[in-house]
Amino acid sequence: MSQSIDLPRVDEFLEELAAIQQTGSKRIALLGSRHIPLTHQNLIEMMSYALVLGGNHMITSGATGTNSAAIRGAMRADPNLLTVILPQSLDRQPRESKLQLEQVIHLVENPKGDILSLAEASSLCNQEIISRCQQLICFAFHDSDTLLKTCEEAENQRKVVTLFYLD
């Protein structure tokens with residue numbers, strides 16, 4: 001009985017090992033669900049704070065929940081090391097998000113997303129975010145389709161992906 005095993009190629013292992021061992025600063029995307037408990041938000045804020053304090057550049061989007069917590073942590077550590085990319089224009093963001101986003105130095109709006117559904121605009125925004133990062137940290141539920149697709153796309157682009165399930 002011979003069975004074929006689909007193993008990754010040696011160069012894939014070497015690329016992942018090099019990415020993990022990189023000691024300099026990285027461009028880290030932190031994305032996740034809007035619907036997370038306050039205790040999780042506090043942990044995400046501390047993680048973001050620590051990553052930016054360590055010299056890493058944080059990239060996220062502007063939604064409430066995970067992304068808002070990531071913004072709070074990065075802003076406390078070093079606002080210059082934070083980039084927030086919105087799926088739509090700033091005018092389309094909820095009032096509570098706008099107040100936080102107006103403080104962000106490196107804010108990228110996507111007014112072309114205003115004519116799309118939020119899900120479509122978010123998907124395109126997440127693609128832009130992963131194109132700019134070296135590593136993705138994501139907090140999602142098992143039914144978070146947009147986020148899970150983003151993680152899959154990041155893996156296909158050979159980014160280091162750390163996925164935390166919230167359920």
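This report describes the salt bridges and the paired strands of a predicted model.

## Strands and crossovers

Strand S1, which covers residues 27–32, pairs with strand S2 in the parallel sense, and three bridges join the two. Within this pairing, Ala29 has Ile59 of S2 as its bridge partner. Strand S2 is also joined by three bridges to strand S3, residues 82–85, and these two strands run parallel as well. Here the bridge partner of Thr60 is Val84, which belongs to S3.

Helices accompany both of these pairings: S1, H2 and S2 form a right-handed β-α-β unit, and S2, H3 and S3 form a right-handed β-α-β unit too.

## The two sides of strand S2

Strand S2 spans residues 57–60, and its side chains are divided between two directions, with His57 and Ile59 pointing one way while Met58 and Thr60 point the other way. Each of these residues is buried.

## A salt-bridge network between helices H2 and H3

The model contains three salt bridges. As a general matter, side chains that carry opposite charge can pair when their charged atoms come close.

Glu45 forms a salt bridge with Arg72, in which the closest N and O atoms are 3.0 Å apart. This pair links distant parts of the chain, since Glu45 sits in helix H2 (residues 38–53) and Arg72 in helix H3 (residues 66–77), 27 residues apart. Glu45 also forms a salt bridge with Arg76, again with the closest N and O atoms 3.0 Å apart. Because Glu45 lies in helix H2 and Arg76 in helix H3, this pair ties together parts that are 31 residues apart in sequence. Glu45, Arg72 and Arg76 are thus linked in a network of salt bridges.

Are the members of this network buried or exposed, or something in between? Glu45 has a relative accessible area of 13%, and it counts as buried because that value is under 20%. Arg72, with a relative accessible area of 27%, is partly exposed, and Arg76 is likewise partly exposed, at 49% relative accessibility.

## A salt bridge within helix H5

The side chains of Arg132 and Glu128 meet in a salt bridge as well, with a distance of 3.0 Å from N to O. Both residues belong to helix H5 (residues 118–132), and because they are four residues apart there, about one helical turn separates Arg132 from Glu128.

Arg132 is partly exposed, at 34% relative accessibility, and Glu128 is also partly exposed, at 22% relative accessibility.

Definitions and conventions. Residues numbered from 1 in each chain as written. Predicted model: local features only at pLDDT ≥ 70, side-chain atom pairs only at ≥ 80, totals over all residues. Heavy atoms only, no water. Salt bridge = Lys/Arg side-chain N within 4 Å of Asp/Glu carboxyl O. Buried < 20%, exposed > 50% of the residue type's maximum accessible area, 1.4 Å probe, protein only. Pairing = 2+ DSSP bridges. Right-handed = clockwise from strand over helix to strand, strands pointing away.
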